[in-house]
Amino acid sequence: MDFLTMAKDCRYSCRRYADRPLEKETLERILEAGRVAPTATNAQPQRIVAVTTPEGMESLAGCTRYTFGAPAALIVCYDRTEVWVRSYDGKEGGDVDAAIVTTHMMLQAAELGVGTCWVGSFDPKLVREEFSLPAQIVPVAILILGWPADEAVPSPKHDKRKPLEETVVYGKF
Ligand SMILES: Cc1cc2nc3c(=O)[nH]c(=O)nc-3n(C[C@H](O)[C@H](O)[C@H](O)COP(=O)(O)O)c2cc1C
């Protein structure tokens with residue numbers, strides 16, 4: 001399958017999951033895709049909490065309403081002490097790095113047929129408490145994971161993308 005076909009037709013935000021655990025080897029392949037992701041100065045500040053037990057998923061459900069009964073999730077964070085900082089304006093690269101890592105994992109999951117949903121709507125304070133995040137660890141994204149339920153379908157939003165003319169300018173803005 002070529003990349004664009006996978007990105008358009010295979011990857012979508014899955015919000016219904018089969019009652020089936022995610023095998024360790026499958027999860028490790030997805031994590032490996034995150035490991036090889038590029039990060040600013042190759043600093044690799046990402047830190048990932050793999051949540052794979054029903055108890056863990058229950059704890060996570062206390063931090064976000066978007067767990068969809070899935071069997072697993074990855075809480076993608078970065079270590080504030082390891083991020084690249086842009087010298088011109090002091091902007092930290094942690095969010096960008098964590099987003100690239102999450103995207104790599106999301107697309108690897110799609111290639112394997114594993115459903116994912118990126119969740120940004122969570123209470124960071126509760127995540128910090130429930131999963132014992134040290135002070136320098138900043139949670140950015142939760143990647144919900146599992147085998148899609150038979151009845152899982154993309155939401156109507158999946159096909160709604162602005163045309164390139166609305167989002168790209170050539171030359172100057
Ligand atoms: C940064 C980010 C945060 C998101 N947060 C949530 C969320 O909290 N809950 C949810 O159900 N979907 C969330 N999504 C999924 C988006 O709603 C979804 O990607 C978008 O509507 C396009 O649909 P598609 O992924 O099926 O193509 C998030 C996606 C991104 C990239």
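**Exercise 1. Determine how strands β1 and β2 are joined, and identify a residue pair across them.**

Solution. Step 1: strand β1 (residues 46-51) and β2 run antiparallel and are joined by 6 bridges. Strands here are DSSP runs of E with at least two residues, and helices are runs of H or I with at least four residues, numbered from the N terminus. Two strands pair if DSSP finds at least two bridges between them. Step 2: Arg-47 stands opposite Cys-77 in β2.

The model is predicted: local features need pLDDT of at least 70, side-chain atom pairs count only at pLDDT 80 or more, and totals for chains, interfaces and linings use all residues. Residues are numbered from 1 along each chain as its sequence is written.

**Exercise 2. Place β2 within the sheet, and state which strands stand at the edges.**

Solution. Step 1: β2 is joined to strand β4 (residues 137-146) by 8 bridges, and the two run antiparallel; Asp-79 stands opposite Ile-137 in β4. Step 2: the open sheet has 4 strands in the order β1-β2-β4-β3, with antiparallel pairing. Step 3: β1 and β3 (115-119) each have a single partner strand, so one side of each lacks a neighbour in the sheet. Step 4: from one strand to the next, the twist averages 25°. Step 5: helix α4 (residues 94-112) packs on the sheet and touches β1, β2, β3 and β4, a contact being C-beta atoms, placed from the backbone, within 7 Å. The direction of α4 makes about 10° with that of β4; axes are lines fitted to C-alpha atoms, for helices over the stretch in contact, and angles run from 0 to 180 degrees between N-to-C directions.

**Exercise 3. Classify the burial of β2 and of Tyr-66.**

Solution. Step 1: a residue is buried if 20 or more other C-beta atoms, placed from the backbone, lie within 10 Å of its own, exposed if 12 or fewer, and partly exposed in between. Step 2: in β2 (residues 72-79), 7 of its 8 residues are buried. Step 3: Tyr-66 lies in the loop between α3 (54-61) and β2. Tyr-66 counts as partly exposed because it has 19 C-beta neighbours inside 10 Å. Step 4: not counting residues up to four places away in sequence, Tyr-66 touches Cys-117, Val-119, Ser-121 and Ile-144.

How values were computed: Contact = placed C-beta atoms within 7 Å.
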